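Reader: I'd like a close look at one part of this fold, the sheet that starts the chain. Could you walk me through how its strands are put together, and then follow the trail outwards from there?

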Amino acid sequence: MEAILKIEHLSKTLGSREILHDISFETYGGEVFGFLGPNGAGKTTLIKVVVGLLTLDTGKVTIAGKDLAKDFEAALANLGAIVENPEFYKFLSGYDNLLQFANMRGGVEKERIDEVVRMVGLENRIREKVGRYSLGMRQRLGVAQAILHRPKLLVLDEPTNGLDPAGIKDLRDVLKNLAHKEGVAVMVSSHLMSEMELMCDRVGVIANGVLRSVHPIEELVSAAGIGQEEFVFSVDDPEKGAEVLSHAFETEVKPNEEGKLDLTFPKEEAQTSLARANRILIESGISLYTVSKKENRRLEDVFIELTRGEGKQIG
Ligand SMILES: Nc1ncnc2c1ncn2[C@@H]1O[C@H](COP(=O)(O)OP(=O)(O)OP(=O)(O)O)[C@@H](O)[C@H]1O
Ligand SMILES: [Mg+2]
């Protein structure tokens, strides 16, 4: 598959500080790629380079095969973006704003306006003045405007900032549909792992201007232990308990520092496995004092680990 956005060894210094260091990655049509990093990591700076608002110092950015530095206009022809909040004429309707923009831009048929309005789910409200739109609606109108010219790449910097949960969900559905149904390469930035989990197919983790790693989202989710449940068994004979449970579940169980036994089961089998463990212990003459469930490691913990650790491996 050919990459829609290709970034090779990109570095950028602002003032005397290197803000981005040797960044390379690719994004493809049909996927939502999340660019995840804490405040000050360099997300906005990278996005500004990709959309041509900042020039790069070294490296290469290619959009749909066109070199951004050498073939600026051709590269930008394949790009739609929202970097700061999209600006609209508040006294015009959503539709007239799009029409205005389409006329300015040129080469956009009327049918395309109706099409993008449908894609962002604004068909019922598009004749209302933008001044009356909620932030979420304005954001979706921004997406509509950004995709009018059928770009292959859509880039948004922290698009859900300030939106309420319903607004976030609406926008998320719009972006996922654009990628999964229309084949657009969508790239979004965020500092929230939980948000990336729901929106993205792959995530690149950036910290201090360095791209630490790129993961399919399932990998991060399984690293966070979602989909599994962990239990702690307290028994009268931990050594023997560990032995029978190891044998029964074909996994190594050892007493922890507190002399208790930790066992992890896939979520969907947790109940039956728990009952089975219980039965096995009793049948082996071991007294079970208590079983407690451990809290899952949260996604945000994995994120913090990834951005703090020195390129720690997960998964
Ligand atoms: N014009 C500038 N001159 C010098 N340093 C800058 C400039 N713009 C940004 N920086 C610095 O570059 C670093 C990265 O900033 P950037 O805005 O790209 O981060 P970010 O990941 O988007 O953060 P946030 O989550 O807060 O939006 C920060 O340390 C910031 O202070
Ligand atoms: Mg930013």
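Author: Two strands pair when DSSP finds at least two bridges between them. Strands (E, at least two residues) and helices (H or I, at least four) are DSSP runs, numbered from the N terminus. One caveat before we dig in: this is a predicted model, where local features need pLDDT of at least 70 and side-chain atom pairs count only at pLDDT 80 or more, while totals for chains, interfaces and linings use all residues. Residues are numbered from 1 along each chain as its sequence is written, with chains lettered from A and ligands numbered from 1 in the order in which they are written.

Now the sheet you asked about. Four strands line up in the order 2-1-4-5, making an open sheet with antiparallel pairing. At its edges you find strand 2 (17-28) and strand 5 (66-67); each has a single partner strand, so one side of each has no neighbour in the sheet.

Start with strand 1, residues 3-14, which pairs with strand 2 in the antiparallel sense over 8 bridges. If you want landmarks for the register, look for Leu 10, which sits opposite Ile 23 of strand 2. Another landmark is Thr 13, which faces Glu 18 in strand 2. Strand 1 and strand 2 form a hairpin, with 2 residues between them. In that turn, Gly 15 has a positive phi of about 65°.

Strand 1 has another partner too: 5 bridges join strand 1 to strand 4 (residues 58-63), again antiparallel. Leu 5 is a handy marker for this pairing, with Ile 63 in strand 4 as its bridge partner. While you're flipping the view around, remember that in a regular strand the side chains alternate between the two faces of the sheet.

From the hairpin, the trail leads to ligand 1. Of the 13 residues around ligand 1 (a residue counts as near if its C-beta atom, placed from the backbone, lies within 6 Å), those that come nearest are Leu 14, Asn 39, Lys 43, Thr 44 and Thr 45. The elements giving two or more residues to that shell are strand 2, which you've just met, and helix 1 (43-50). Helix 1 contributes the most, with 3 residues.

Next, the helices. Helix 3 (residues 94-105) and helix 5 (135-147) have axes, meaning lines fitted to C-alpha atoms over the stretch in contact, that come within 10 Å. Those axes cross at roughly 25° (angles run from 0 to 180 degrees between N-to-C directions). Helix 3 is therefore roughly parallel to helix 5, a label for angles under 35 degrees (over 145 is roughly antiparallel, 65 to 115 roughly perpendicular, the rest oblique). Helix 5 also packs with helix 6 (residues 165-180), their axes coming within 9 Å and crossing at roughly 15°. That makes helix 5 roughly parallel to helix 6 as well. Further along, the axes of helix 9 (238-249) and helix 10 (residues 270-283) come within 10 Å but cross at roughly 130°, so helix 9 and helix 10 are oblique to each other.

A few loop residues round things off. After helix 5, in the loop that leads to strand 7 (153-156), sits Arg 150. Its phi is near 55°, a positive value in a residue other than glycine. Arg 150 is partly exposed because 15 C-beta neighbours lie inside 10 Å (20 or more is buried, 12 or fewer exposed, in between partly exposed; C-beta atoms are placed from the backbone).

The loop between helix 9 and strand 12 (261-266) deserves a stop as well, since Glu 250 lies there, and so does Asn 256. Glu 250 is not a glycine, yet its phi is positive, about 50°. Glu 250 is exposed, with 6 other C-beta atoms within 10 Å. Asn 256 is exposed too, with 12 other C-beta atoms within 10 Å. Asn 256 and Val 232 are 24 residues apart along the chain, and their C-alpha atoms are separated by 9.5 Å.

Finally, compare Ala 224, in the loop between helix 8 (217-223) and strand 11 (228-235). Ala 224 counts as buried, with 22 C-beta neighbours inside 10 Å. Ala 224 and Ile 126 are 98 residues apart along the chain, and 41 Å separates their C-alpha atoms.
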